[in-house]
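User: Hi! I am new to this structure and would like to get to know it through a few questions. Could you show it to me?

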Amino acid sequence: MFEPHDDHSTATPNRPDPKPADTGPGQGHGRSGHGISVLGLGAMGAALAEALLGAGRRVTVWNRSAEKAAPLAGRGAGIAGSAAEAIGAAPLVVICLLDYAAVRDVLSGAVDQLAGRTIVNLTNGTPQDARDIAAWVEDQGASYIDGGIMAVPPMIGSRDAFILYSGTAEAFDDYRQTLEILGAAQFLGPDAGLAPLYDLALLSAMYGLFGGFLHATALAGSEKVEAGRFTVMLVPWLNAMTGVLPDIARQIDARNYVAADGSNLAMQAVAVENIIATSHAQGVDSGLIVPMRALMAHRIACGFGGDDIAGLYRVVASRKRDDNCG
């Protein structure tokens with residue numbers, strides 16, 4: 001929730017010798033009972049810290065605006081006067097800031113404290129951002145794990161939250177029990193860029209859904225249909241349509257896009273044209289649906305009008321729409 005280099009993603013820097021585990025509630029085996037520092041106390045960072053405190057973990061927090069730490073102090077968190085102090089306070093450091101530039105800035109100011117630590121970066125960014133900062137962090141002698149939070153702050157610590165992780169596998173195994181407090185932990189592999197890739201791909205699907213919803217409610221609303229009334233009908237329809245996604249995925253993986261049920265691309269393109277024409281007639285912006293028409297038109301022009309909509313994957317997956325229509 002929401003940057004080329006040598007590949008150091010499988011490196012395993014030395015970490016501090018294990019300390020005795022805490023004996024308070026919620027403590028686990030191995031390194032799980034050790035203190036945790038949380039850097040960044042926006043809505044998500046504060047939720048992460050609260051979940052850890054609620055599980056009985058020893059938590060130190062830091063935020064550039066110190067006043068945001070006060071509520072957590074009341075719950076037993078230690079307050080660090082600087083990012084460097086927070087990083088030095090625990091072997092496990094969880095970071096949740098606005099962007100990777102802020103993460104790099106904070107870590108650059110604490111270089112002397114990084115060696116032996118495990119940095120878990122839950123800031124939203126790109127795969128290259130993650131790979132670049134992973135290489136830099138590991139060059140300082142620390143382990144690096146990147147993460148993508150698939151939840152909103154109120155979901156943190158609940159069964160509905162899950163968090164994607166990638167990076168140093170041994171460090172993830174060491175701290176998995178602690179990370180599971182925040183939400184179901186899914187480790188994707190040693191390439192630090194995998195978690196942000198999955199994160200952004202999942203968010204892309206979400207924003208596509210939101211875009212379709214906004215266009216649909218605007219189209220219905222052009223005849224004064226209330227959004228709430230229309231959504232009562234829309235949600236079951238979308239739920240039914242998500243049921244076909246595994247079939248579309250199988251077509252993509254098999255590279256077999258032939259329509260089996262008669263709903264081929266040429267037929268669906270007519271419906272999309274009608275959506276756009278009606279949007280114009282009703283004074284509704286068609287900008288969210290026009291790109292789909294362009295993808296369909298390209299695929300049909302290549303002679304694949306008999307394919308299912310899964311065939312559009314071939315167009316989307318390549319930035320180059322050359323004449324061979326591969």
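User: Is D307 buried or exposed, and what is its relative accessible area?

Analyst: Happy to help! This is a predicted model, in which local features need pLDDT of at least 70 and side-chain atom pairs count only at pLDDT 80 or more, while totals for chains, interfaces and linings use all residues. Residues are numbered from 1 along each chain as its sequence is written, and side-chain values use heavy atoms, with hydrogens and water left out. Buried means under 20% relative accessible area, exposed over 50%, and partly exposed in between (1.4 Å probe, protein chains only). D307 therefore counts as buried, with a relative accessible area of 9%.

User: Which residue does D307 meet in a salt bridge?

Analyst: A salt bridge is a side-chain nitrogen of Lys or Arg within 4 Å of a carboxyl oxygen of Asp or Glu. The partner of D307 is at 3.3 Å, N to O. This partner is buried because its relative accessibility is 4%. The residue is R299.

User: Where does D191 lie, given that R131 and D191 are linked from distant parts of the chain?

Analyst: The side chains of R131 and D191 meet in a salt bridge of 2.9 Å, N to O. R131 is in helix 6 (residues 127-139), and the two residues are 60 residues apart. Helices (H or I, at least four residues) and strands (E, at least two) are DSSP runs, numbered from the N terminus. D191 lies in the loop between strand 8 (184-187) and helix 8 (194-221).

User: How many residues does the largest nonpolar core have?

Analyst: A nonpolar core is a set of buried Ala, Val, Leu, Ile, Met, Phe, Trp, Tyr and Cys residues joined through side-chain atoms within 4.5 Å. In the largest one, the residues with the most contacts inside it include V38, L48 and Y165. Helix 1 gives the largest share of this core, seven residues. The core has 35 residues.

User: How many residues are in the second, separate core?

Analyst: Among its members are A84, Y100, L107 and W136. The second core has 25 residues.

User: Why does V244 count as partly exposed?

Analyst: V244 lies in the loop between helix 9 (227-242) and helix 10 (245-254). V244 counts as partly exposed because its relative accessibility is 33%.

User: What separates the C-alpha atoms of M267 and D308?

Analyst: M267 is found in helix 11 (residues 265-281). M267 and D308 are 41 residues apart along the chain. Their C-alpha atoms are separated by 9.8 Å.
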